[in-house]
Amino acid sequence: MSVADDTLVPSAPNRRLVIVVRADPVICGHSGEARCLAEVALTRGFDDVRIVTWPLDALEAAGLPLKPLDRVLPYSPGITVERPDPVGDYRVPDGRYLSGLIGRLVELFSDGVPTVAMSLYLSPHAIAVQEAVQVARRIGPARVITVAEAVGSDITNVVRECVDTGRFGAAAHILSVYLAADHCVAVSEYTRDLIVASAATLDGMHGTTFAQRCRERIAISYPAVDSWSYLSLTDDRIAETLARRGLSRDGYVLFLSRIASAKGVDDLIDAYAGSRSAERVQLVLAGRGPQEDEVVARVATAGLGERVQVLTDVDDAEKPALMAGSAAFVLPTREQPEFVETFGIALVEKALAGGGPIITCATGGVPEAVGDTALLVPQRDPATLRTVLDEVVCDWTYEQRAAAERRARAYALQFDRVPVFDRLFALAEPPAVHVA
């Protein structure tokens, strides 16, 4: 699969942006965020924009949910996607890939080109960037500014777990790496508060001083979304996309996210079963994830086989139309020890796309993503979810739906990739030149 185009990269670039992330084809909102930031960078004076990520075999071996490889959208010319090969032999099974990633970053950082290096996820991406910067500064004329963006799973999967299990070293390491960046950002106020709280717990146990430094250093940078992909939808395009899936406009309720326990898809199935909505509209469950087989079995057990579609091959090109055509979009996300929805990129995308209202839960950073424009239900409460779902699908008037659509779109526009990029890079460096 070729998703890179370095044909417009000059032989002697003047300004470089490097983003280290789990990029496409991984199904992850932050892979989309990286794409958005890279695209805007081309209009902001960066003449060498690179996304450095993992080889496909490493992504597949990790069991991550992946988009159909033959339908990943291309990047704009001038954006280069690099997947460094592992270094070493089979006797270093995991570190080989990290070594390959760090090695390539050292090469990019040590040639003297002014560079902004941004990592999305602290572990392992911020670790890789920090290691590479240290080496590059020793061996070459490194001119690198680093931005480390923390997401919720950095804390729930690493710091919080280490605190709970008494593994002081790993938690201290990841927080130290984070704070070593030139600029520390978090994807929501909730995420920043979560980091500070976990750091304070660590400080109380071991006498460290991470919490105060986190309070002082961490800024907020909400995820960047490509609004145009949603605002440019036409009725014909929506109709064509739905027809290919055997769907009709306003004829289905949509769940589109990772199919995992923390997303509450089982609560949605239970709410839909026996609802008035089930007599009027289908339920479409779109995504990939570790609970795919369980979801299919739950649908069959509930006797909903003819009313529910499970789509595991939705690509980025058809996602906006599926969102816009839905009678309602439901994401009953819930807090679990290993995962909390620290923002909710899919909710912003749905608000931009239009269509029926959003029903979700006020967990984590979701309130920041939707403001007061969504219908919020308690987590793990299928009965209340059923009541609200029936209300919006069966009882709302056209005027109610249209008003909710306008309010949601107006709120979501603040997360457009251009203003998000400009706010973020106003922190990272002086204002850049705008290229029309």
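Leu-413 sits in the loop between α18 (398–412) and α19 (417–428). In this predicted model, Leu-413 has a relative accessible area of 37% and is therefore partly exposed. Leu-413 also belongs to a nonpolar surface patch, together with Trp-228 and Leu-231. The three residues offer about 330 Å² of accessible area together.

**Salt bridges**

How many salt bridges does a search of the whole structure find? The count is 28. Three of them are set out below, with their N to O distances.

| Salt bridge | N to O distance |
|---|---|
| Glu-107 and Arg-104 | 3.0 Å |
| Lys-319 and Glu-349 | 3.1 Å |
| Arg-409 and Glu-405 | 3.5 Å |

Take Glu-107 and Arg-104. Both belong to helix α3 (residues 95–109). They are 3 residues apart, so about one helical turn separates them. Arg-104 has 22% relative accessibility and so counts as partly exposed.

The pair Lys-319 and Glu-349 links two helices. Lys-319 is in helix α14 (residues 319–324), while Glu-349 is in helix α15 (residues 345–353). The salt bridge therefore ties together parts that are 30 residues apart in sequence. Are Lys-319 and Glu-349 buried or exposed? Both are buried. The cut-off for that label is a relative accessible area under 20%.

Arg-409 and Glu-405 lie within helix α18. Their spacing is 4 residues, so about one helical turn separates the two. Arg-409 is partly exposed at a relative accessible area of 24%. Glu-405 is partly exposed as well, with a value of 26%.

Some salt bridges share partners. Such sharing joins Arg-16, Asp-48, Arg-50, Glu-82, Arg-104, Glu-107 and Asp-111 into one network. The Glu-107 and Arg-104 pair in the table thus has both its residues among the members of that network.

**Helix crossings**

How do α11 and α17 pass one another? Helix α11 (residues 265–272) and helix α17 (residues 382–395) have axes that come within 8 Å and cross at roughly 60°. That angle makes α11 oblique to α17. The crossing is right-handed.

Helices α15 and α18 form another crossing. Their axes come within 7 Å, and the angle is roughly 125°. α15 is therefore oblique to α18. Angles of 65 to 115 degrees would count as roughly perpendicular, and those over 145 as roughly antiparallel, so roughly 125° falls between these classes. The crossing of α15 and α18 is left-handed.

Both helices have appeared above. α15 holds Glu-349, and α18 holds Arg-409 and Glu-405.

**A contact across the sequence**

Asp-236 is placed in helix α10 (residues 235–244). Its relative accessibility is 56%, so Asp-236 counts as exposed. Which distance separates the C-alpha atoms of Asp-236 and Ala-321? The separation is 9.9 Å, although the two residues are 85 residues apart along the chain.

**Backbone exceptions**

Most residues other than glycine have a negative phi, and most peptide bonds are trans. The following sites depart from that pattern.

Asp-24 and Pro-25 are joined by a cis peptide bond, with omega about 15°. Pro-25 is in the loop between β1 (16–20) and α1 (29–41). The peptide bond from Ser-123 to Pro-124 is also cis, and omega there is near 10°. Where does Pro-124 lie? Pro-124 is part of helix α4 (residues 122–139).

Positive phi values occur too. Asp-250, a residue other than glycine, has phi near 65°. Asp-250 is located in the loop between α10 and β8 (252–256). With a relative accessible area of 38%, Asp-250 is partly exposed.

Arg-380 likewise has a positive phi, near 60°. The loop between β13 (375–376) and α17 contains Arg-380. Its relative accessible area is 46%, which means Arg-380 is partly exposed.

How values were computed: Residues numbered from 1 in each chain as written. Predicted model: local features only at pLDDT ≥ 70, side-chain atom pairs only at ≥ 80, totals over all residues. Heavy atoms only, no water. Patch = residues over 30% accessible without salt bridge, like charges linked within 9 Å, V, L, I, M, F, W, Y side chains within 5 Å. Areas by Shrake-Rupley, 256 points an atom, 1.4 Å probe, with all protein chains shown as cover. Salt bridge = Lys/Arg side-chain N within 4 Å of Asp/Glu carboxyl O. Buried < 20%, exposed > 50% of the residue type's maximum accessible area, 1.4 Å probe, protein only. Axes fitted to C-alpha atoms, helices over the stretch in contact; angles between N-to-C directions. Parallel < 35°, antiparallel > 145°, perpendicular 65-115°, else oblique. Left-handed = near helix turned anticlockwise from the far one by under 90°.
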